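Here are some questions on how labels follow from values. Each answer sets a value against a cut-off and concludes.

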Amino acid sequence: MRRNRKEGTDRTAGRPQRKGQALAGRPWIFRGLNRNRVTARSIVWHELIGLKAKIIRTSHPELVGIEGHIIDETRNTLTMVGDTAERLWVIPKSVVEIEFEIDDKKIRIHGRDLIGRPEMRLKKRWRR
């Protein structure tokens with residue numbers, strides 16, 4: 001371990017001291033190829049990481065209006081980083097309505113439809 005001389009705290013070399021600190025400071029976000037194939041019907045089967053999203057409606061009033069890019073996805077949560085890359089939010093999927101911006105299209109979907117691990121959502125049968 002090294003000692004940080006300015007603050008006098010111990011830290012591991014090359015690792016962030018707070019959770020999410022390394023993610024919030026990144027200037028790039030992978031946006032993927034062929035994003036124009038995503039439609040309102042097929043968004044549940046596509047990769048969400050890298051998409052620009054905005055929280056439209058939720059049961060938590062402080063989450064309404066959050067805008068940014070999705071950088072991580074788990075079974076029940078989405079991790080979003082703000083456009084200025086200074087703030088990181090972990091948002092529960094079950095209580096939000098999200099608007100994704102893909103090229104010039106805006107797609108709204110309820111978070112309940114996104115619940116589940118990303119790799120397992122491919123196997124689900126959805127009503128069309």
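Q: What makes β4 and β5 count as paired strands, and in which sense do they run?
A: The model is predicted. In it, strand β4 (residues 67-73) and β5 are joined by 5 bridges, in the antiparallel sense. Pairing requires at least two bridges, so the label holds. One position to look at is G68, which stands opposite G82 in β5. The two strands form a hairpin, with 3 residues between them.

Q: What makes β5 and β6 a pair?
A: They are joined by 5 bridges and run antiparallel. The cut-off is at least two bridges, so β5 and β6 are paired. V81 has L88 in β6 as its bridge partner.

Q: Why is strand β5 described as largely enclosed?
A: Strand β5 spans residues 77-82, and 5 of its 6 residues are buried. Buried means under 20% relative accessible area. The strand is therefore largely enclosed by the rest of the structure.

Q: How do you know that β7 and β8 pair?
A: Count the bridges: 6 join β7 to β8, and the strands run antiparallel. At least two are needed, so the pair qualifies. Within this pairing, E97 stands opposite H110 in β8.

Q: What is the order of the strands in the open sheet?
A: The sheet has 6 strands, ordered β6-β5-β4-β3-β7-β8, with antiparallel pairing. The protein chain has 8 strands and 2 helices in total. Along the sequence the pattern reads β-β-α-β-β-β-β-β-β-α.

Q: Why are β6 and β8 called edge strands of the sheet?
A: β6 (88-92) and β8 (105-110) each have a single partner strand, so one side of each is left without a neighbour in the sheet. From one strand to the next, the twist averages 40°.

Q: Why is the contact between R57 and E97 called a salt bridge?
A: Their side chains meet at 2.5 Å, N to O. The cut-off is within 4 Å, so the pair qualifies. R57 lies in strand β3 (residues 52-58) and E97 in strand β7 (residues 96-102), so the pair ties together parts that are 40 residues apart in sequence. A search of the whole structure finds 6 salt bridges.

Q: Is R57 buried or exposed, and what decides the label?
A: R57 has a relative accessible area of 52%. Exposed means over 50%, so R57 is exposed.

Q: Is E97 buried or exposed?
A: E97 is at 10% relative accessibility. The limit for buried is under 20%, so E97 counts as buried.

Q: What makes E99 and R108 a salt bridge?
A: The N to O value is 3.5 Å. The requirement is within 4 Å, so the pair counts. E99 has a relative accessible area of 17%, under the 20% limit, so E99 is buried. R108 stands at 49%, which is not over 50%, so R108 counts as partly exposed.

Q: How do you know that R117 and E119 also form a salt bridge?
A: Their side chains meet at 3.8 Å, N to O. That is within 4 Å, so the label applies. R117, at 42%, is partly exposed. E119, at 47%, also counts as partly exposed.

Q: Which residues do salt bridges with shared partners join into one network?
A: The network consists of R57, E97, E99 and R108.

Q: What makes a set of residues a nonpolar core here, and how many residues has the largest one?
A: The members must be buried nonpolar residues joined through side-chain atoms within 4.5 Å. The largest such core has 21 residues. Those with the most contacts inside it are I43, L48, I98 and F100. The elements giving two or more residues are β3, β5, β6, β7 and β8. β7 gives the most, with 4 residues.

Q: Which residues does L48 touch, leaving out those up to four places away in sequence?
A: L48 touches I43, I70, E73, L78, F100, L114 and R121. A contact here means heavy atoms within 4.5 Å.

Q: What do the totals for the protein chain come to?
A: Of its 128 residues, 32% count as buried. The accessible surface is about 9000 Å², and 47% of it belongs to carbon and sulfur atoms. Among contacts between residues at least 6 apart in sequence, 39% join residues at least 24 apart.

Technical notes. Residues are numbered from 1 along each chain as its sequence is written. This is a predicted model: local features need pLDDT of at least 70, side-chain atom pairs count only at pLDDT 80 or more; totals for chains, interfaces and linings use all residues. Side-chain values use heavy atoms; hydrogens and water are left out. Buried means under 20% relative accessible area, exposed over 50%, partly exposed in between (1.4 Å probe, protein chains only). Accessible areas come from the Shrake-Rupley method with a 1.4 Å probe; for residues, only the protein chains shown count as cover. Axes are lines fitted to C-alpha atoms, for helices over the stretch in contact, and angles run from 0 to 180 degrees between N-to-C directions.
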